[in-house]
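Take a moment to look over the sequence and turn the model around on your screen. Then we'll walk through it together, one piece at a time.

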Amino acid sequence: MERIRNNDEKMESIAEIVKNKHAINLYFLDNNNMYSKNIVADAVRAGFLEENVHFTTEITRTRDLAGTTYMCSDELLYRHRNNSMPTVFHTQERSKKFTALVRTHKEWRAYTMARLWSKGLHESGYFGYNNQITIEDDINPIDTSKLGSLKHHTEFFLKLAPFHCDLLTSEEHADMKYTVGLHHSDAYFNFVIESELTGPIRLTEKVFKAIKHCQPFVIAGACGSVQQLREMGYRTFDHVVDHSYDEIEDATERWEAVCTEMCRIAKSKKAQSMYVECKDDLLHNQDLFLNKPVENILICPK
């Protein structure tokens with residue numbers, strides 16, 4: 001699979017390697033329909049059949065374009081880059097109710113973590129927040145005008161940050177090959193703070209860590225993220241976790257709802273029994289992640 005760049009040079013290189021061009025399917029990773037048309041034209045000039053040129057995208061909004069399918073690349077990347085042993089399901093009591101980790105500061109992420117921290121719930125989880133790495137042109141999609149005291153709590157939270165729950169460096173946190181076993185084997189749930197709260201759905205390795213290591217999850221991310229996982233064959237613990245937030249299109253309202261659900265779980269005295277109720281779904285998800293045929297990862301059915 002090729003990512004589209006330097007169209008002419010790429011196509012010439014491919015054409016030189018491939019002898020029987022009519023028998024070859026070409027797949028390109030593309031998020032721009034205009035470039036797709038150019039690629040098709042270049043491929044036909046190079047001797048390939050137009051019907052054998054295909055496009056796949058990491059962004060769900062563009063998968064409805066003709067000839068374009070959806071690929072969840074981080075599902076594949078995490079599966080192949082992380083060689084740690086999968087966490088074995090167990091029913092022993094755990095010291096933490098949840099794991100919530102943020103490596104890169106964004107304002108909406110800070111509000112999310114400060115929400116837990118301001119209620120003292122961080123003490124119930126493996127709680128990590130790094131405010132040393134930031135994003136330029138960070139735009140907060142949450143309407144903070146009605147958040148009252150949380151604005152002040154968040155300011156104070158950031159003054160106290162970073163919060164650490166392991167000994168990994170920032171670089172190691174970004175490397176998919178590293179796993180802190182206790183984050184999964186000693187915490188019941190995983191609060192996934194995704195890369196984006198708005199825009200097209202892009203599931204990252206964060207949720208697949210939870211899946212590989214047998215943790216039910218709540219996702220603070222784009223609208224439809226949980227539904228996307230369902231379409232990929234994963235189960236979402238709906239008998240235990242209220243994922244109704246996933247259907248809310250307004251970013252602030254969705255954020256409020258997902259924070260409410262995270263706080264509910266973090267406060268619950270039934271975290272262990274809730275976890276045990278998820279056994280069948282956890283084992284299904286883990287097996288699907290570890291053993292899904294590669295072709296079903298590269299091109300996910302709608």
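Which residue forms a salt bridge with E261? The partner is R264, and the closest N and O atoms of the two are 2.7 Å apart. Keep in mind that this is a predicted model. Both E261 and R264 sit in helix α10, which covers residues 251-267, and the three-residue step between them is about one turn of the helix. Here is the general idea behind that: an α-helix has 3.6 residues a turn, so residues three or four places apart point the same way. The two ends of this pair don't share the same surroundings, though: E261 is buried, at 6% relative accessible area, while R264 is partly exposed, at 37%.

Let's zoom out for a moment. The protein chain has 302 residues, and 49% of them count as buried. Its secondary structure comes to 13 helices and eight strands. How does the chain fold back on itself? Take the contacts between residues with a separation of 6 or more: 78% of those join residues 24 or more positions apart. On the outside, the chain exposes about 15,100 Å², and carbon and sulfur atoms supply 49% of that.

Back to the charged pairs. As a general point, side chains of opposite charge can pair when their charged atoms come close. The count of salt bridges here comes to eight. Another of them joins R45 and D42, with 2.2 Å from N to O. These two are also three residues apart, this time in helix α2 (residues 33-45), so about one helical turn separates them. R45 counts as exposed at 62% relative accessibility, whereas D42 counts as buried at 8%.

Now try a pair that reaches further along the sequence. D74 forms a salt bridge with R202, and their closest N and O atoms are 3.8 Å apart. D74 is in helix α3 and R202 is in the loop between β7 and α8, so this pair links distant parts of the chain, 128 residues apart. D74 counts as buried, since its relative accessibility of 5% is under 20%. R202, at 38%, counts as partly exposed.

Next, find helix α4 (residues 107-118), where W117 lies. Is W117 buried or exposed? It counts as buried, at 13% relative accessibility. Leaving aside neighbours within four places in sequence, W117 is in contact with H122, F127, H153, F156, F157, L160 and F163. Pick out F157 from that group: 40 residues separate it from W117 in sequence, yet the two C-alpha atoms are 7.7 Å apart in space.

From there, move on to helix α8. Seven of its eight residues are buried, so the helix is largely enclosed by the rest of the structure. The buried ones are E205, V207, F208, K209, A210, I211 and K212. Just after α8 comes C214, which takes a positive phi of about 60°.

Which residue should you look at in the loop between α8 and β8 (217-220)? Try H213, which is found there. H213 is buried, with a relative accessible area of 1%. Not counting residues up to four places away in sequence, H213 touches Y78, N82, S84, M85, P86, T87, T179, H184 and Q286. H213 and G181 are 32 residues apart in sequence, and their C-alpha atoms are 8.7 Å apart in space.

Let's finish with the empty space. In general, rolling a probe the size of a water molecule over the atoms shows where empty space is left. How much space lies in the largest pocket? The answer is about 760 Å³. Its lining is made of 38 residues, and R103, H173, E205, K206 and K209 lie nearest the centre. By class, the lining has 15 nonpolar, 14 polar and nine charged residues. Several elements each supply at least two lining residues, among them α3 (73-81), β5 (96-102), β7 (187-193) and α8 (205-212). So α8 turns up again: E205 and K209, two of its buried residues, are also among those nearest the centre of the largest pocket.

Methods: Residues are numbered from 1 along each chain as its sequence is written. This is a predicted model: local features need pLDDT of at least 70, side-chain atom pairs count only at pLDDT 80 or more; totals for chains, interfaces and linings use all residues. Side-chain values use heavy atoms; hydrogens and water are left out. Helices (H or I, at least four residues) and strands (E, at least two) are DSSP runs, numbered from the N terminus. Buried means under 20% relative accessible area, exposed over 50%, partly exposed in between (1.4 Å probe, protein chains only). Contact means heavy atoms within 4.5 Å. Accessible areas come from the Shrake-Rupley method with a 1.4 Å probe; for residues, only the protein chains shown count as cover. On a 1 Å grid over the protein atoms alone, a cavity is a set of points where a 1.4 Å probe fits but cannot get out, and a pocket is an open set with protein on both sides within 12 Å along at least five of seven lines; lining residues have an atom within 4 Å of a point. Grid points are joined across faces, edges and corners, and a volume is the space filled by probe spheres set on the points. Ala, Val, Leu, Ile, Met, Phe, Trp, Tyr, Cys and Pro count as nonpolar, Asp, Glu, Lys and Arg as charged, and the others, Gly among them, as polar. A salt bridge is a side-chain nitrogen of Lys or Arg within 4 Å of a carboxyl oxygen of Asp or Glu.
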